[in-house]
Every structure is written in structure tokens, then in C-alpha cells.
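Welcome, and please open the model in your viewer. We will go from stop to stop, and at each one you will hear what to select and what is there.

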Amino acid sequence: MAAGAEAVSAAAAAPAPAAASFLALEPRLQREFQQKVQRVRNNRAAKEELTPGVVYVGHLPRGLCEPQIYQYFEQFGTVTRLRLSRSKKTGASKGYGFVEFASDDVAKIVADTMNNYLFSERLLKCQFLPPERVHENLFKNSNKIFRKPSQPAVRRYNKIRSLVQKAKMTKRLLRKEKLLRKRLAEKGLDYDFPGFAAQELSMKRKKVKTPKKPKLNISLSSQDPTPVCTPTVLERRKASQADDDAEDNEITLRLSPTSVKNAVQRPKKQPRKRPNLKKQK
């Protein structure tokens, strides 16, 4: 009996040295101090056990932005990071993004639950990404607030460029076209296309050609509203009148205006006589 009591007392006294390594400054706060130490250990163990998981989310509606997506997926668990892919030129959403959860188990549940889920007239496509497929720079600058680009693509494309900028652009386009032709040749593709080089050559040819001088619209008739009265034009007019007189062989008779009026004048119509009905009666 005494041996059993000694064993129990020895077992109870065994963890005392481990607890003695964490002593509070005041003996009356020892119990509270031990509870804090135990809580910290539990939190550390929980953090070590949890591994983050990333979910790919596709077919997102256009109206959704980072705050709305974060608020929606936070109902499943703790969302640590979020990235919505956007166009660098216009700043518009590309319709897909990546959501990182604190636990990979939660991420797998989200991928299975939300895949082919009808959301705002679209079927969401969700897929769990294993750690080896997650790029190290996937969530780079994801914590920054999104701001639209100050110079979108349309404004950059339509801006007025200097001659030096145009020359640099032409050189860059020719270099890219040359690399493209080289890659096609390396792969054994016999494909020829005009490209930017032929376009530039045609533009140079157009610049070399001298423009034709427009012909002057010289009027030879004196009846025109603004006739030209230079000596050469007068000579041409006389020559054209002489040619017309030489070709005209008809004889024309000139009559006085009074005879023409008498010939053209029609006889006047005489009024009809109405029968007298009173005499008939």
C-alpha cells in the first residue's frame, strides 16, 4: 500500500522540474503565466500544421473586383492573399484570379464546391493548385491598391511622335519581323509574307515619284462667267471660230423682227354665238 502511494507521489512530482523552468515573477500569477505559455505553444503547433493552399478561379464576371472577391471567398476560411489578373494596357479584368487560403484543406473544399457554380450568369471554374505549380512571384504586389494606368493603350498609340521616335519604332518592327522570318526558316516552314519591310519600301517609292502638275482649265468661250483673256487664248478662240465657219455650209436667212412676229402669230379665235331661246319659243 505504501509502495503504491510512493509511486503516485513520484509520478506527480515528475513534471515539476519542467514547470519550474517557466516561473512567474510573482508566485500568485504562476497559474495565469502557465496558461499563457500553453496557449502560445498550441498556437505555434497549429501554425506549423497548417499549410497554405492556392485556388485558381476562372470565368469571373467583369463587375467583380478585389474587395468583392475577397469578401465572397472569406466565408469559407481565412484568405491570406488574393490576386486578380488585369490588363497592363487598359487595367480591365481578364476574368480570372488566384486566391490563397491559410489551410490547404479549406482550399481543396473551395475548389470542389465552387467548380461549375453558377455565379452571376457564369459558370465558375475552380481548381486547386499544388505547391509545386505555384510560382514564387504569383502574388507579387498583390497587397497594393489597384489604380488604373495613367496612359492606356489607345492614348499611347494615337499620341503624336517625333521623327526620332518614329525611326525607333520602325527599327523595332523590322527587327521583330526579321526574327520571325528566322524562326520560320529554322522550323522548316517556307512561308513568305510582305510584312512591314514591303510596306516601308512602297512608302519610299511613293515619296520618290514626282507628282503630276494639274492641267489648267482654260476657257475658250466668251460666254463663260470668267473667261481668260490672254493673247494665246484669244488666238485659239479665233482659230476655233474660223474652223467652225469653214465646216458650216448651211445658208441662213435673217428676217426682220416684225416679219417673224407676223409669221409666228396665230389667228384669234372667234367667240361662238349662243342661240336665242326666247325667239324659238
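Start with the whole chain on screen: 54% of the contacts in the protein chain with a separation of 6 or more are between residues 24 or more positions apart. Keep in mind that this is a predicted model. Color by secondary structure and you will find 11 helices and five strands in the protein chain. Of its 281 residues, 16% count as buried.

**Stop 1: the sheet**

Select the five strands. They form an open sheet with the order 2-3-1-5-4 and antiparallel pairing. Strand 2 (79-86) and strand 4 (117-118) stand at the edges with a single partner strand each, so one side of each has no neighbour in the sheet. As background, the strands of a sheet pair through backbone hydrogen bonds, either parallel or antiparallel.

**Stop 2: strand 1**

Now select residues 53-58, which are strand 1. How many of the six residues of strand 1 are buried? Five of them are, so to speak, under cover: the strand is mostly covered. Strand 1 pairs with strand 3 over five bridges in the antiparallel sense, and five bridges also join strand 1 to strand 5, again running antiparallel. Show side chains for two examples. Val55 stands opposite Val99 in strand 3, while the bridge partner of Tyr56 is Gln127 in strand 5.

**Stop 3: the hairpin of strands 2 and 3**

Move on to strand 2 and to strand 3, residues 93-101; six bridges join these two antiparallel strands. Together they make a hairpin with six residues between them, and Gly91 in the turn has a positive phi of about 85°. Two pairs are good to select here. Leu82 has Val99 of strand 3 as its bridge partner, and Arg83 stands opposite Phe98 in strand 3.

Next, pick Ser85, which is also in strand 2. Is Ser85 buried or exposed? Ser85 is buried, because its relative accessible area is 7%, and the cut-off for buried is under 20%. Leaving aside residues up to four places away in sequence, Ser85 touches Ala92, Ser93, Lys94, Tyr96, Gly97 and Phe98.

**Stop 4: two helices across the sheet**

Select helix 4, residues 66-73. Helix 4 lies across strand 1, strand 2, strand 3 and strand 4, and runs at about 140° to strand 2. Then add helix 5, residues 104-114, which lies across strand 1, strand 3, strand 4 and strand 5 (123-129). The angle between helix 5 and strand 5 is about 150°.

**Stop 5: the largest pocket**

Turn on the surface and look for the largest pocket, which holds about 630 Å³ of space. Its lining has 26 residues, and those nearest its centre are Glu66, Arg83, Leu84, Arg86 and Asn141. Helix 4, strand 2 and strand 3 are the elements that give two or more residues to this lining. Which strand gives the most to the lining of the largest pocket? Strand 2 does, with seven residues. By class, the pocket lining has 10 nonpolar, seven polar and nine charged residues.

**Stop 6: the cavity**

One cavity of 30 Å³ or more is counted, and the largest cavity has about 50 Å³ of space. To find it, select Leu60, Leu64, Gln68, Ile69, Tyr72, Phe73, Phe119 and Leu124, which line it. Helix 4 supplies the largest share of this lining, with four residues. The cavity lining has seven nonpolar residues, one polar residue and no charged ones.

**Stop 7: two loop residues**

Finish with a look at the backbone. Most residues other than glycine have a negative phi. Select His59 in the loop between strand 1 and helix 4: it is not a glycine, yet it has a positive phi of about 60°. His59 counts as partly exposed, because its relative accessibility is 44%. Then select Ser120 in the loop between strand 4 and strand 5. Ser120 is not a glycine either, and its phi is positive, at about 55°. Ser120 counts as exposed because its relative accessible area is 52%, and the cut-off for exposed is over 50%.

How values were computed: Residues numbered from 1 in each chain as written. Predicted model: local features only at pLDDT ≥ 70, side-chain atom pairs only at ≥ 80, totals over all residues. Heavy atoms only, no water. 1 Å grid on protein atoms, 1.4 Å probe; cavity = no way out; pocket = protein on both sides within 12 Å on 5 of 7 lines; lining within 4 Å. Points joined across faces, edges and corners; volume = space filled by probe spheres on them. Nonpolar A, V, L, I, M, F, W, Y, C, P; charged D, E, K, R; others polar. Pairing = 2+ DSSP bridges. Contact = heavy atoms within 4.5 Å. Axes fitted to C-alpha atoms, helices over the stretch in contact; angles between N-to-C directions. Buried < 20%, exposed > 50% of the residue type's maximum accessible area, 1.4 Å probe, protein only.
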